[in-house]
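Grab a coffee and work through these short exercises with the structure open beside you. Try each task before reading its solution.

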Amino acid sequence: MSDVIANQSEPTQGRWWIGLFLVIAVLVAIRAGIGEGMGRVYVQTESTSYVSTEGEGGRVSWSAVPGVTEDSVTIDRDVFRTAGQYRAAEAAAPGQQAIRLSWDRTIGLWLAAFFTLAVFSFLAGDNPAYKLTESIVIGVSAGYWMVVAFWETLVPKLLAQLAPDLVKAWCMPNLEGGAFNPVALVPLGLGIMLLSQLTPLGRHVGRWPLAFVIGTFAGLKMVSHVESDIIEQVRATVLPLVVSSEDGSLAAWASLRNVLIVTGVLCTLAYFVFSVEHKGAVGRAARVGVWFLMITFGSAFGFTVMGRIALLAARFEFLFIDWLWLIDPKGERGMSVVAAVMQSG
Amino acid sequence: MSRSIALLICLVGGLTMLVSPFLPMATGWANEVTDWFNILAAMAFVLGGGSLLKVQLMRLSARGPGWGYSAVTLLAFVVTLWVGLGKVGVVADASAPAVAWSGKPDDEGSAFWWIYLYVMTPITSTLFAVLAFYVASAAFRAFRAKNLEATLLLVTAFIILLGRTFAGVVLTGWLPDWASGLRLENLAVTIMDVFNTAGNRAIIIGIALGVASTGIRLMLGLDRSYLGGDA
């Protein structure tokens, strides 16, 4: 497969990219060999024991108990620990195994760093690493949303209605109710018809579930939009144009603010009325509306850029803090923790 | 016949949702219909996954350009599906520790959680982060103060960007108290509070009116585009 990937780029470009990734790999290797190293994830296993008690109607409930007993069930969970905590534990008891390196999470961290750099590499041009990452995220996203849809909707809302006892024993022991609901066969049938779109014959059969989805969505959104986006917004725009302060004098700024908001909403709405020609008073109002729209778009643009810059900063934080261990703003890997343990020891 | 039934289903489904807030006895129907809608929306994800599988398998079997990437997509898809549906590495939930499958697929430590944390999140957030460069570059090339409208947009964007950063505070921090309203951070707040509120409110009302009219057209069967060209 590497041949296939390599063949898609020009030979010179391919060599350039390989060279760049090799340089990055060498730099990372140098960084890994300096000082405390980099990119390691530590975990500690937390064990909790549970015992069951039978309540009213034979309902079983579980509660955590401090120790392990004969009839208890123990569950082990790995939780994150910082490098500072690991070093502190090592300083207190060399060779301890309570806090240990997690290989799967460490590999995950390095993979995440590779994916981050691969996406950034697109800024310099399309390349095999970016294409590989893109292909992976397409597959993972599709799988992710299918899994979420299955466990969050299909199991509790459909399977639990059709086979409640099975679902209760399998994965939802706390499921309420427990009788077969024949009405659930309707969405099941519609769902199967929807899936038949994947077959050549499914184009006509798939219309009914599609019509159902579109009709219910239209009804649902119409009610919510009319309520929250028309009635509530109009209500919020009905503002006093002359505002008095507590001592009865004119609150100039508050009045001006309300006048601007009411004028802005009316003028912008005038711009959206296309059934009337934008001439005379309507034309002038629409022009003022355009000014308000431009300011709105300008602020939306500013916020979008700010949001993206914040995300960019978060990615750099991931690379420099979590992966390369070049900076340590929270002091999670700081030697101060170790020193404190040594002093107390 | 198929088309008429589809239009009837659309009308009944839409009307059920529409009348439910006004008729107390219809609330139960609306909840039931909402559940069906959610089930079908979940089925649509399965349909999407199936479609992806079909397209990628066709590309793979044709051995056209980039078939290697199709193989990678398929592998990623199948692995995610397998670890998610099989709850690989998931420990039982604290409320039912004796039932092995009671835990959530995305619980910390599970394989599905691992994929989300170390594959999906870094890639998607970096993809969005990279847009910062493209938005800035596009703005640099496209933004020209050619007329009043373009100038308003440009100046507002600069005020918002500077007013929300430390640079903005430093640049206009020297202004005296009586002119504090002109400081960039205060200007940004005023723009958001007054002009942006007015503009956004009108846009929201406009969108809601559009949604309502489109909904009525769909329910009455005046808009049948969703039924396909041969409907």
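**Exercise 1. Find the volume of the largest pocket and work out what lines it**.

Solution. Keep in mind that this is a predicted model.
- Start with the volume: the largest pocket comes to about 490 Å³.
- Next, the lining. There are 20 residues around this pocket, and the closest to its centre are V41(A), F80(A), L109(A), D322(A) and Y118(B).
- Now place the lining on the fold. Two or more residues come from each of β3 (73–81), α4 (103–120) and α11 (280–323) in chain A, and from α4 (111–142) in chain B.
- Finally, sort the lining by class: twelve residues are nonpolar, two polar and six charged.

**Exercise 2. Describe the contact between chain A and chain B by residues and by buried area**.

Solution.
- Count residues: chain A puts in 121 and chain B puts in 121.
- Then take the area. The two chains bury about 11,400 Å² between them, with 80% of that on carbon and sulfur atoms.
- Look for the big contributors in chain A: M146(A), R207(A) and M222(A) lose the most area to chain B, yet together they make up 6% of what that side buries.

**Exercise 3. Which polar and charged links join chain A to chain B, and how many are there?**

Solution.
- Begin with polar contacts: 17 residue pairs, both partners at pLDDT 80 or more, run between the chains.
- Add the salt bridges, of which there are four between chain A and chain B. One of them pairs R105(A) with E108(B), at 3.1 Å from N to O. That fits the 4 Å cut-off for a salt bridge.
- Check the classes on chain A's side of the contact: 82 nonpolar, 25 polar and 14 charged residues.

**Exercise 4. Find a salt bridge inside chain A and say which strands it links**.

Solution.
- Over all chains, the structure has nine salt bridges.
- Pick R100(A) and D78(A), whose closest N and O atoms are 3.3 Å apart.
- Locate the partners: R100(A) sits in strand β4 (residues 99–101) and D78(A) in strand β3, so this pair, 22 residues apart, links distant parts of the chain.

Technical notes: Residues are numbered from 1 along each chain as its sequence is written. Chains are lettered from A and ligands numbered from 1 in the order in which they are written. This is a predicted model: local features need pLDDT of at least 70, side-chain atom pairs count only at pLDDT 80 or more; totals for chains, interfaces and linings use all residues. Side-chain values use heavy atoms; hydrogens and water are left out. Contact means heavy atoms within 4.5 Å. Buried area is the accessible area (1.4 Å probe) that two parts lose on being put together, summed over both. A salt bridge is a side-chain nitrogen of Lys or Arg within 4 Å of a carboxyl oxygen of Asp or Glu. A polar contact is a pair of N or O atoms within 3.5 Å; within protein, one must be able to donate a hydrogen and the other to accept it, and residues adjacent in sequence count only if both atoms are side-chain atoms. Ala, Val, Leu, Ile, Met, Phe, Trp, Tyr, Cys and Pro count as nonpolar, Asp, Glu, Lys and Arg as charged, and the others, Gly among them, as polar. On a 1 Å grid over the protein atoms alone, a cavity is a set of points where a 1.4 Å probe fits but cannot get out, and a pocket is an open set with protein on both sides within 12 Å along at least five of seven lines; lining residues have an atom within 4 Å of a point. Grid points are joined across faces, edges and corners, and a volume is the space filled by probe spheres set on the points. Helices (H or I, at least four residues) and strands (E, at least two) are DSSP runs, numbered from the N terminus.
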